[in-house]
Amino acid sequence: MRDLSATNKLVGTMLRKKLIAANWKMYKTPEQTREFFRAFLPMIAGHERSELVVCPPYVDLHAAFDSAHGSGIAIGAQNVFWKEDGAYTGEVSCSMLKSTGCTHVIIGHSERRQYFGESDETVNLRLKAALHAGLTPIVCVGEVLEEREAGLTEDVLRRQCLRALDAISGERAHKLVMAYEPVWAIGTGKTATPTMAVEAHITIRAEASKSLGKEVASKMRILYGGSVKPENAKSLMLEEEIDGALVGGASLDARSFASIVMY
Ligand code: PGA
C-alpha cells in the first residue's frame, strides 16, 4: 500500500527550500555591517542549499543591501508599520523598506510583543500590509515558559496563528513564512529539542491550513528560532518539518553564522 503520509512529507521537503535568517536585533552600525559581509561572503561562497536573509537594524539596510549585492543573500527588516505614510513618528512603511532593496520583514518577534506592546492584532495588521506590498513576512509565534509548563503550548500557538492570519486569503499568503520561537529559548542558551520544535511546527501548519488552505500551508516554510548555534543547527535542520532557522545572537559573528549556514 502506498504510504500517503510519507509521500506528503516528501512533497513538503521538495516544495520547501530551507531559509536561514539572521536577526541582528539592535546590534551593528553600517560600518560593522559592511565588515560582517566582507568576512561572511567568502566563508559561504558556493553555498546554494538554503536561502539566506540578513535582517539588520533599519539604519543598516542600505549598507547591507550594498554589501550583499550579487551574493544572492536577501535583506530584511525587523519590523514594519502598516500605514503607507503619515504623521507616525518613528515608524517605517513597507514602501520605504522596499526602496532600500529590502525584500523580507520579521513581524511579531517576541521582543516586540514583550517590550513594545505588540499584540496578535497588530501582528495581523503588519502582516496584511507586508503581503499587500509584496514583502516576504516572517511571522513569529511562540509560548513563554509558564505556558509550556502549564501544558498550554498548543493553545497559545493556535491562538497566535489564528489571530495573525485573520482575514488573510491563501492566495495572498503564498510568500508567508512563519517562525516558531519559544520565548524561553530566545537568547537564553536553551534550545527546544528537535522533537519539541517539530511538534510545534505541526501545530502551526495545521492552524495555517485552516486559515489559508491546505495547499498554501503545505508549501509554507516554518523556521525554528531560539538559541540556534553552530553546535545544534544540524540536528534541528535535519528535521523535515523544520524549514530553516531564525538566528539571533549567533548570527552577529560571521564565522558562527557561516557554520550554521554550512551545518
Ligand atoms: P537567539 O534569538 O538566537 O539569540 O536566541 C533568536 C531570535 O530572537 O530570533
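1. A good place to start is the ligand: one of its oxygen atoms has a backbone N or O atom of S227 at 2.7 Å. Keep in mind as you look around that this is a predicted model.

2. Two glycines make similar backbone contacts. A polar backbone atom of G187 is 2.7 Å from an oxygen atom of the ligand, and a backbone N or O atom of G248 lies 2.9 Å from an oxygen atom of the ligand. Of the 280 Å² that the ligand exposes when taken alone, the protein buries 96%.

3. Now look at the company the ligand keeps. It is surrounded by 13 residues, and the closest are K25, H109, E181, G187 and S227. Sorted by class, this shell holds 7 polar, 4 nonpolar and 2 charged residues.

4. Next, find strand β3, residues 74-77. A74 and G76 point one way from β3, while I75 and A77 point the other way, and all are buried. This fits a general pattern: side chains in a regular strand alternate between the two faces of the sheet.

5. What joins strand β2 to β3? Strand β2 (residues 51-55) runs parallel to β3, and 2 bridges join them. Here V53 stands opposite A74. Together with helix α3 (residues 61-68), β2 and β3 make a right-handed β-α-β unit.

6. Strand β3 also pairs with strand β4 (residues 104-107), running parallel to it with 2 bridges. In β4, V105 is the bridge partner of A77. Helix α4 (residues 94-99) belongs with β3 and β4 to another β-α-β unit, which is right-handed.

Note on methods. Residues numbered from 1 in each chain as written. Predicted model: local features only at pLDDT ≥ 70, side-chain atom pairs only at ≥ 80, totals over all residues. Heavy atoms only, no water. Buried < 20%, exposed > 50% of the residue type's maximum accessible area, 1.4 Å probe, protein only. Helix = DSSP H or I, 4+ residues; strand = E, 2+ residues; numbered from the N terminus. Pairing = 2+ DSSP bridges. Right-handed = clockwise from strand over helix to strand, strands pointing away. Near = heavy atom within 4 Å. Polar contact = N/O pair within 3.5 Å; in protein donor to acceptor, adjacent residues only side chain to side chain. Areas by Shrake-Rupley, 256 points an atom, 1.4 Å probe, with all protein chains shown as cover. Nonpolar A, V, L, I, M, F, W, Y, C, P; charged D, E, K, R; others polar.
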